[in-house]
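The following exercises concern strand pairing, helix packing and burial. Each task is followed by a worked solution.

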Amino acid sequence: MLNATPRLANTAQLYGIESGIESGIESGVASGLDTGLNTDLSAAVTQVPADRLQLVELLSPYHPSETRFMLEAQTAIAFKAMEDSAAKDGIALAICSAYRPFDRQLAIWNAKASGKRVVLDINEQPVDISPLSDDALVDLILLWSALPGASRHHWGTDIDVFDAKQIEVKSLRLVEAEYIDGGPCAHLHHWLLQHAKTFGFYFPFQRGKSAVSAEPWHISYFPVSQTLLPQFEVQALAQVIQHSDMLLKEAVLARLPVLVAEYVHRIAKP
């Protein structure tokens with residue numbers, strides 16, 4: 001199993017802000033992208049001198065057009081080894097989501113907060129959000145979606161996966177029914193429960209063990225993600241959110257320390 005204890009020269013990377021990200025193998029990763037955040041914010045979250053987090057690209061053969069996913073470098077190596085092992089057991093271990101920048105998470109959040117994207121309850125049923133208070137809507141969205149700046153996908157260590165032999169990515173809904181007995185990814189899930197730890201991966205979102213609802217498609221590379229979580233700071237996240245155009249911003253900021261404790265730090269252990 002790989003071991004790594006990286007810290008971030010640019011701690012903005014913890015919150016999905018892309019400036020300063022280094023590229024690695026294959027075609028490389030664009031850096032210095034315009035995030036819509038001002039330079040004062042960038043300075044506010046770049047105070048820890050340390051080694052830089054490196055992201056690399058993996059080309060997926062399971063999508064209708066060329067699709068490249070970015071992963072933290074050691075996570076990518078471990079995933080490729082696990083992918084090869086799964087293939088020997090007849091499973092096409094495929095990525096449907098990997099590294100996700102702040103702007104992408106913000107788009108998901110705002111689409112749900114505005115009613116443009118369906119919001120699900122704990123039982124994965126659609127909810128009419130029109131009568132909900134801001135606090136109630138925040139809590140509902142957080143069951144399935146992270147706060148912008150607080151997603152583990154910002155780190156490049158966390159991946160959403162599926163079995164490309166059993167279901168096409170365009171048909172994938174990422175609901176639990178697809179990963180339990182009878183679902184197209186059930187065999188994959190059982191295989192991961194048995195083998196993922198060998199490669200350093202585990203499920204951070206499990207029923208009764210995390211505030212986020214159970215996500216049997218979401219795996220995390222523990223040797224690296226365990227070193228990044230302690231670096232997460234509420235004040236830095238508050239500045240990121242304050243300078244964004246995030247919907248429900250005031251409701252979130254009013255109780256951000258509680259939300260971070262519940263939805264960032266309360267996760268399952270390997």
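Axes are lines fitted to C-alpha atoms, for helices over the stretch in contact, and angles run from 0 to 180 degrees between N-to-C directions. The model is a predicted one.

**Exercise 1.** Determine the strand order of the open sheet of four strands and identify its edge strands.

*Solution.*
1. Strand β3 pairs with strand β4 (residues 158-163) through four bridges, in the antiparallel sense; within this pair, Leu93 faces Asp163 of β4.
2. Strands β5 and β6 (residues 218-221) also run antiparallel and are joined by two bridges, with Phe201 opposite Tyr221 in β6.
3. The order of the open sheet is β3-β4-β6-β5, and the pairing is antiparallel.
4. Since β3 and β5 (201-202) each pair on one side only, they form the edges.

**Exercise 2.** Establish which strands of the sheet are touched by helix α2 and which are crossed by helix α5.

*Solution.*
1. Helix α2 (residues 73-88) packs on the sheet and touches β3, β4, β5 and β6. The direction of α2 makes about 140° with that of β3.
2. Helix α5 (residues 186-195) lies across β3, β4 and β6, at about 130° to β4.
3. Strand β3 (residues 93-97) has four of its five residues buried, so this strand is largely enclosed by the rest of the structure.

**Exercise 3.** Describe how β1 is connected to β2, and assess the burial of β2.

*Solution.*
1. A hairpin of six residues links β1 to β2.
2. Strand β1 (residues 55-60) runs antiparallel to β2, with six bridges joining them; Glu57 stands opposite Met70 of β2.
3. In β2 (residues 67-72), five of the six residues are buried, meaning under 20% relative accessible area. Strand β2 is therefore largely enclosed by the rest of the structure.

Notes:
Residues numbered from 1 in each chain as written. Predicted model: local features only at pLDDT ≥ 70, side-chain atom pairs only at ≥ 80, totals over all residues. Heavy atoms only, no water. Buried < 20%, exposed > 50% of the residue type's maximum accessible area, 1.4 Å probe, protein only. Pairing = 2+ DSSP bridges. Contact = heavy atoms within 4.5 Å.
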